[in-house]
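Visitor: I would like a close look at one part of this model, taken slowly. Please start from a single residue and work outward.

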Amino acid sequence: MDVHLRDLRYFVAVAEELNVTRASERLFVSQPALSKQLRVLERQLGFRLFERVHTGMALTRQGQALLPIARDLLERWASGVESARAAAPAGTLVIGMQTAVGRGLQQEALRRFRTAMPGWEVSLRLVGWDDPSGGLADGSSDVAFTWLPVPPGLRTYVLATEGGGVAMPPGQLAIAWREGDVSPQVVAFIDALRLVATKV
């Protein structure tokens, strides 16, 4: 049998008010709609929850037995929803990448970042070589692994110096971020990278 939370809320409100009119006002529902939903619930359950008395309504024995359980279910549902909301990420750190980052730097820095900033998610974003800012210039990245030099307005921390090869000149791999950005997630990721980079 499927009973909706709305029906339980209706039942609890009427049980607490012992008056359909007051319960309907409390629930912002019309009295006829509330009465109809209670009848539907009683049909689903196979027993009456209320009986009419000269002062309004009274709970039947079955209604008295069900009331604490209905309250508990509603409280547990509300608590569960709050827990689920609290489990949502606090935000997302977007890391722009022009290239794969070797030497275990990225993985170790991400591990440290997640320890320092629980609840934050990380999104790795591949950025084309035509954007030397790694997505920082247009705001699509919070930090970026880039090759030096970078455009003005960015701060960098050099992670590695690569020797040149046949097809590539020597270069410096850096982490970059917007100048003046002191948001906690950016600072935490830069700090994590600095700790990791000094060990390589």
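Visitor: Is Thr-146 buried or exposed, and what is its relative accessible area?

Guide: This is a predicted model, and what follows describes that prediction. Thr-146 is buried, because its relative accessible area is 0% and the cut-off for being buried is under 20%. The residue belongs to strand β5, which covers residues 143-147. Leaving aside residues up to four places away in sequence, Thr-146 touches Gln-98, Pro-132, Ser-133, Gly-134, Gln-172, Leu-173, Ala-174 and Ala-176.

Now take the strand as a whole. Five of the five residues of β5 are buried, so the strand is largely enclosed by the rest of the structure. In a regular strand, side chains alternate between the two faces of the sheet. In β5, Val-143, Phe-145 and Trp-147 point one way, while Ala-144 and Thr-146 point the other way. Both groups are buried.

Next come the strands that pair with β5. With β7 (residues 171-178), β5 pairs in the antiparallel sense, over five bridges. Two of the residue pairs can be named: Trp-147 has Leu-173 of β7 as its bridge partner, and Phe-145 has Ile-175 of β7. Leu-173 has already appeared here, among the residues that Thr-146 touches. With β3, the pairing of β5 is parallel and has three bridges. Here Met-97 has Phe-145 of β5 as its bridge partner. Phe-145 is therefore a residue to look for twice, since it is the partner of Met-97 and is also bridged to Ile-175 in β7.

These pairings belong to an open sheet of five strands, in the order β4-β3-β5-β7-β6 and with mixed pairing. The edges are β4 (120-126) and β6 (154-162), and each has a single partner strand, so one side of each has no neighbour in the sheet. From one strand to the next, the twist averages 20 degrees.

Helices lie against this sheet as well. Helix α5 (residues 105-116) packs on it and touches β3 (91-97), β4 and β6. The direction of α5 makes about 155 degrees with that of β4. Helix α6 (residues 184-197) lies across β3, β4, β5, β6 and β7, and runs at about 155 degrees to β7. Strand β5 is thus one of the strands that α6 lies across.

The two helices also meet each other. The axes of α5 and α6 come within 8 Å and cross at roughly 135 degrees, which makes α5 oblique to α6. Their crossing is right-handed. On the α5 side, the contact is made by Leu-105, Glu-108, Ala-109, Leu-110, Arg-112, Phe-113 and Ala-116. On the α6 side, it is made by Gln-185, Ala-188, Phe-189, Ala-192, Leu-193, Leu-195, Val-196 and Ala-197. By class, the residues of this contact of α5 with α6 are twelve nonpolar, one polar and two charged.

Go back to the strand and look at the loop that leads into it. Asp-142 sits in the loop between β4 and β5. Asp-142 is buried too, because its relative accessible area is 16% and the limit is under 20%. Again leaving aside residues up to four places away in sequence, Asp-142 touches Thr-92, Leu-93, Val-94, Leu-136, Trp-177, Arg-178, Asp-181 and Val-186.

Asp-142 also gives a way to gauge distance across the model. Its C-alpha atom is separated by 60 Å from that of Arg-48, and the two residues are 94 apart along the chain. Elsewhere in the chain, strands β1 (residues 50-53) and β2 (residues 56-59) pair in the antiparallel sense over four bridges. They form a hairpin with two residues between them, and Glu-51 has Ala-58 of β2 as its bridge partner.

One more helix pair can be set beside α5 and α6. Helix α1 (residues 5-17) and helix α2 (residues 20-27) pack at an angle of about 130 degrees, with their axes 8 Å apart. That makes α1 oblique to α2. The crossing of α1 past α2 is right-handed. In their contact, Arg-9, Tyr-10, Ala-13, Val-14, Glu-16 and Glu-17 of α1 meet Val-20, Arg-22, Ala-23, Arg-26 and Leu-27 of α2. By class, the contact of α1 with α2 has six nonpolar, no polar and five charged residues.

To return to the starting point, Thr-146 is a buried residue in strand β5.

Terms used
Residues are numbered from 1 along each chain as its sequence is written. This is a predicted model: local features need pLDDT of at least 70, side-chain atom pairs count only at pLDDT 80 or more; totals for chains, interfaces and linings use all residues. Side-chain values use heavy atoms; hydrogens and water are left out. Buried means under 20% relative accessible area, exposed over 50%, partly exposed in between (1.4 Å probe, protein chains only). Contact means heavy atoms within 4.5 Å. Axes are lines fitted to C-alpha atoms, for helices over the stretch in contact, and angles run from 0 to 180 degrees between N-to-C directions. Angles under 35 degrees count as roughly parallel, over 145 as roughly antiparallel, 65 to 115 as roughly perpendicular and the rest as oblique. A crossing is left-handed if the near helix is turned anticlockwise from the far one by less than a right angle, and right-handed if clockwise. Ala, Val, Leu, Ile, Met, Phe, Trp, Tyr, Cys and Pro count as nonpolar, Asp, Glu, Lys and Arg as charged, and the others, Gly among them, as polar. Two strands pair if DSSP finds at least two bridges between them.
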